Amino acid sequence: MKAAYYRHSGGPEVLEYGDLTDPAVGADTVLIRVEAISLEGGDLLNRRITPPPANPYVGGYQAAGTVAAVGDEVRRLRVGQRVVGFNWGGSHAALFAVAENHAYPIPDGMDLALAAVVPIAFGTASDVLFEFGRLQAGETVLVQGAAGGVGLAAVQLAKRAGARVIATASTDERLDRLAGFGADEGINYREVDIGDRVLELTGGKGCDLVVDLAGGHSIDQLMKAVRYRGRFAVVGASSGDLPAFRFIDIIGKSLTLYGPLFGAEMHGRRAHDLLARLMADVAAGNLRMPIARAFPLAEAWAAHHYAETGHPFGRVVLKVS
């Protein structure tokens with residue numbers, strides 16, 4: 001099979017493209033003939049800082065395509081069915097092997113590139129807001145780094161739930177676009193102190209929930225923005241930096257701090273039911289996810305470079321011809 005792979009961690013230039021052995025099909029395996037790959041923040045972070053567990057190593061979490069083969073114990077899916085698959089590695093290839101409980105059916109007629117970006121972005125956003133964050137109608141949520149995939153999903157889901165949504169982004173143009181996805185107010189974090197502005201917008205109270213999608217960027221400002229007995233969600237670490245929370249800041253506000261990892265939940269019935277609803281909503285146009293750019297798999301290095309430096313609005317995908 002054709003694949004994008006690397007032999008050691010580093011920048012996008014470590015990615016190579018060529019032929020590798022097809023994945024094995026185990027008893028509970030679903031083998032997907034890939035057409036579209038969603039480039040996730042974890043894909044970039046792992047390539048950059050995590051030593052690969054194999055040499056060569058095919059990275060990537062998520063891809064959509066058609067079931068090419070199934071193991072003897074697979075009962076829920078069939079050859080020829082369109083699915084999105086998740087695994088902790090292996091998506092950057094023409095064939096992607098996942099466990100049956102990590103494959104999710106795609107609604108008829110739905111574009112495969114769009115389907116490819118749904119599970120991690122929308123599933124993560126939903127868990128951050130509701131399963132762990134307990135967001136209620138009338139509450140105020142601050143989405144830090146709202147122009148990425150999870151951020152755009154969080155803005156839409158929070159708005160639909162009746163929350164007031166404050167979004168941050170790096171330019172006014174991006175904030176204008178976020179307003180079209182449901183953001184009630186926007187903060188240009190390059191020009192304004194996030195904490196001061198949130199306090200102004202909330203009459204000095206602060207927001208009920210902070211969703212930090214920027215890896216701890218401006219952590220002191222975010223801590224200022226959250227109210228007493230508020231909640232603070234740490235989502236991913238795409239920057240590679242791991243800023244520390246001071247105990248006194250958490251205790252001083254009686255803060256609830258949590259860090260959901262949706263990938264650890266995706267095998268269960270709850271996640272499958274959630275993703276079926278979210279996939280249907282995206283297919284029907286009730287939820288949206290812009291595809292910032294699409295690259296051929298042979299140019300995976302360029303896609304990774306763009307995702308890291310081009311500040312894409314939405315998701316970047318790879319296409320397998």
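Two strands are said to pair if DSSP finds at least two bridges between them, and the helices (H or I, at least four residues) and strands (E, at least two) named on this tour are DSSP runs numbered from the N terminus. The model is a predicted one, in which local features need pLDDT of at least 70 and side-chain atom pairs count only at pLDDT 80 or more, while totals for chains, interfaces and linings use all residues. Residues are numbered from 1 along each chain as its sequence is written, and side-chain values use heavy atoms, with hydrogens and water left out.

**The whole chain**

Begin with the entire chain selected and coloured by secondary structure, which shows ten helices and 15 strands. The radius of gyration, taken over C-alpha atoms, is 20 Å, close to the 20 Å that the globule rule (2.2 Å times the number of residues to the power 0.38) gives for 321 residues, so the chain is as compact as a globular protein of that length. Along the principal axes, the C-alpha atoms fill a box of roughly 60 × 35 × 35 Å. Colouring by burial next, one finds that 55% of the 321 residues are buried, where buried means under 20% relative accessible area with a 1.4 Å probe and protein chains only. Of the contacts (heavy atoms within 4.5 Å) with a separation of 6 or more, 69% are between residues 24 or more positions apart.

**Strand S3**

Now select residues 29–39, which form strand S3. Nine of its eleven residues are buried, so S3 is largely enclosed by the rest of the structure.

Add its partners one at a time:

- Strand S4 (residues 62–70) runs antiparallel to S3 and is joined to it by eight bridges; to see one of the facing pairs, display Leu31, which stands opposite Ala69 in S4.
- Strand S6 (residues 95–99) is also antiparallel to S3, with five bridges between them, and here Ile32 stands opposite Phe96.
- Strand S15 (residues 315–319) pairs with S3 in the antiparallel sense over four bridges, and Val317 in S15 is the bridge partner of Ser38.

When side chains are switched on, it helps to recall that in a regular strand they alternate between the two faces of the sheet.

**Helix H1**

Keep S3 displayed and select helix H1, residues 41–49. Which residues of H1 are buried? They are Gly42, Asp43, Leu44, Leu45 and Arg47. To see what lies against them, add helix H10 (300–309), since the buried residues of H1 pack against both S3 and H10.

Technical notes:
Buried means under 20% relative accessible area, exposed over 50%, partly exposed in between (1.4 Å probe, protein chains only).
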